[in-house]
2 protein chains.
Amino acid sequence: MNHRVLFARIPKGVPVPEDFGFDSVPVPSPADGQFLSRTLWLSLDPYYRNVMKGNQLYADRLQPGDPMVGETVAEIVESKHPDFRPGEIVVVRNGWQEFALSDGKGVAKVDPALAPPSTALGVLGMPGLTGYAGLVYLGEPKPGETVVVSAATGPVGSTVGQVARLVGARAVGIAGSADKCRYAVEELGYAACVNYREGDLREQLKQACPRGIDVYFDNVAGDTLAAVLTRLALGARVILCGMIEAYSMDKPPAGPWLGPVVGARATMKGLVVYDWIHKQEEQRRVVGDWIRQGQFRYREDIAEGIASAPEAFCRLMRGENFGKSLVRVSAA
Amino acid sequence: MNHRVLFARIPKGVPVPEDFGFDSVPVPSPADGQFLSRTLWLSLDPYYRNVMKGNQLYADRLQPGDPMVGETVAEIVESKHPDFRPGEIVVVRNGWQEFALSDGKGVAKVDPALAPPSTALGVLGMPGLTGYAGLVYLGEPKPGETVVVSAATGPVGSTVGQVARLVGARAVGIAGSADKCRYAVEELGYAACVNYREGDLREQLKQACPRGIDVYFDNVAGDTLAAVLTRLALGARVILCGMIEAYSMDKPPAGPWLGPVVGARATMKGLVVYDWIHKQEEQRRVVGDWIRQGQFRYREDIAEGIASAPEAFCRLMRGENFGKSLVRVSAA
């Protein structure tokens, strides 16, 4: 049988497990031009919350009772497609289920000899590309500049912080617990990391960034973005990427007062990772080399079994994950 | 006697005439290295409201009882400065008074044969440079693109709209009355102009900008900025320049929801005219030529006599001016 997690209803606010359902259906058989794969890893990403409310930015359209959509790493078990063979590992949008058919479109093969396959969903996948391309090509950090990133230990943020360090900038993180801040400094090499749940964020940023903030990579919007804007250095670049708080709201909240953007002659840029697919090979090569040389680390927050996906996703949306959120659906 | 307008107190909200005072003092005499000039034109600019609340962006510091500061065009009446002679016309920061001394620093001479001297405070002065440099160098409009500007008939906005048209873009204005909108289309050559006081601004923008907004030059912030963001085209550039509503507030208001900036992969840039002084000669030459060729128009909103300055400034801050706000302090 194929165990699946279903979209049950549009969440009210931050998602709860009751927004999902479960069922089991027979494992399907591939037709000509298709392959069947077994899901190994399911990626959990905040943007799924937007898909659940029908945000037009995404191609997916969910009706109640549909299996949840999402990126996965899977192993091909049966193939009637000329380009794919049983035993191959692929990145494929199987969604939240144990088995799925594919016609091969948009599917990428993964070489498990180069890196653990789960990294194709995190540090060497979309989140890694988001942080890398956004920082390098929109942020354009210079040696000695101060680069600040929120959600500093997540898959996007930890990429931004480590790339900043490895191109000679000074990385300062913003995270939501003392544990995460300690990990950011001790394991990821941030020069400093401030805990936004503890004390005045503006004052903490002033201490951590005495020459102001040259680049800010925003993964959260809200009060954090407003606080950072007040500490921008002249000519600062602000990359707008994630707005996780707002994903759980029916109506978008107001944004930050933009007066400091004028005073700092700053530039704010919207980042959508799909514009940067042409940099994915570069990102995998550069970051892959840094990982093999021991200069770049990553962390995964793993839930076990497809049934654990709803609760793991809700934890992610509450900011309680620590590292890239994954569900191990079955062992390789 | 020298009649002066004084700073009396920090306004509460939108300024009222009672925030100013008057006095008369003897006309001073220049010492060695100084000249005395008679004010012809006083420029009224919204940023004075920020100076009145002690905003740190400006060099001026006002104490109650001080003469109000501000840019003027003046005629030299007596000089002990080697570089300035009686009868010369200059742009000088005389403030809100009929006579003032200067040591010549930061003073620019005006050739009255080239253009009416008052234009050195408007279309060929700081407001003109703001609109020109901001649009050309931050907005980078391309032929056929849609350029939207708020406060479309003011000295900055009318420059933006006309430069946009003259570089082959499609100019769309936002203004606060039917009269202003008619003037924008019929006299300034905007393709369309929407009245933000009349009907739903988003819907009006949708009609006026069917292919979205490629460049937005923002002079007002607030709800107008929020509405424009929802209509941005892919790759749009937003120039943040004026925030007139907020100048009259004690605490900055919240800003617009920035989600659409991400979706449109847009860029927002803060503009401060003092960064663009090196483009002033270019702007005067280019726009001056257009004016002489009859392709570029400007409008002045003139109050008579120094005693009318407080009320004229309050009208400006209520958005009731129509054209560049000036006080004719004395005839040339």
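Axes here are lines fitted to C-alpha atoms, for helices over the stretch in contact, and angles between them run from 0 to 180 degrees in the N-to-C sense. With that in hand, the helix packing in this predicted model can be taken pair by pair.

In chain B, helix 2 (residues 126–139) and helix 3 (residues 155–166) bring their axes within 8 Å of each other, crossing at roughly 40°. An angle that is neither under 35 degrees nor in the 65 to 115 range nor over 145 counts as oblique, and helix 2 and helix 3 of chain B are therefore oblique to each other. Their crossing is right-handed. On the helix 2 side of chain B, the contact is built from B:Pro127, B:Gly128, B:Thr130, B:Gly131, B:Tyr132, B:Leu135 and B:Val136. Helix 3 of chain B answers with B:Pro155, B:Val156, B:Gly157, B:Thr159, B:Val160, B:Val163 and B:Ala164. Sorted by class, this contact comes to nine nonpolar and five polar residues, with no charged ones.

A second pair in chain B is helix 5 (residues 201–208) with helix 6 (residues 222–229), packed at about 45° with axes 9 Å apart. That angle makes helix 5 of chain B oblique to helix 6 of chain B, and the crossing is again a right-handed one. Here B:Leu201, B:Arg202 and B:Leu205 of helix 5 meet B:Thr224, B:Ala227 and B:Val228 of helix 6. The residues of this contact split into four nonpolar, one polar and one charged.

Over in chain A, helix 6 (residues 222–229) is largely enclosed by the rest of the structure, because six of its eight residues are buried. The buried ones are A:Thr224, A:Leu225, A:Ala226, A:Ala227, A:Val228 and A:Leu229. Their cover includes strand 8 (146–150), strand 9 (170–175), strand 11 (213–218) and strand 12 (232–240) of chain A. Helix 5 (201–208) and helix 8 of chain A are also part of that cover.

That leaves the meeting of the two chains. Chain A and chain B each put 26 residues into the contact. On the chain A side, helix 8 (259–263) and strand 13 (267–270) are the elements giving two or more residues. The chain A side as a whole divides into 18 nonpolar, five polar and three charged residues. Strand 13 of chain A also pairs across the chains: its partner is strand 13 (residues 267–270) of chain B, in the antiparallel sense and over three bridges. Within this pairing, A:Lys269 sits opposite B:Thr267 of strand 13 of chain B.

How values were computed:
Residues are numbered from 1 along each chain as its sequence is written. Chains are lettered from A and ligands numbered from 1 in the order in which they are written. This is a predicted model: local features need pLDDT of at least 70, side-chain atom pairs count only at pLDDT 80 or more; totals for chains, interfaces and linings use all residues. Two residues are in contact if their C-beta atoms, placed from the backbone, lie within 7 Å. Helices (H or I, at least four residues) and strands (E, at least two) are DSSP runs, numbered from the N terminus. Ala, Val, Leu, Ile, Met, Phe, Trp, Tyr, Cys and Pro count as nonpolar, Asp, Glu, Lys and Arg as charged, and the others, Gly among them, as polar. Two strands pair if DSSP finds at least two bridges between them. A crossing is left-handed if the near helix is turned anticlockwise from the far one by less than a right angle, and right-handed if clockwise. A residue is buried if 20 or more other C-beta atoms lie within 10 Å of its own, exposed if 12 or fewer, and partly exposed in between; C-beta atoms are placed from the backbone.
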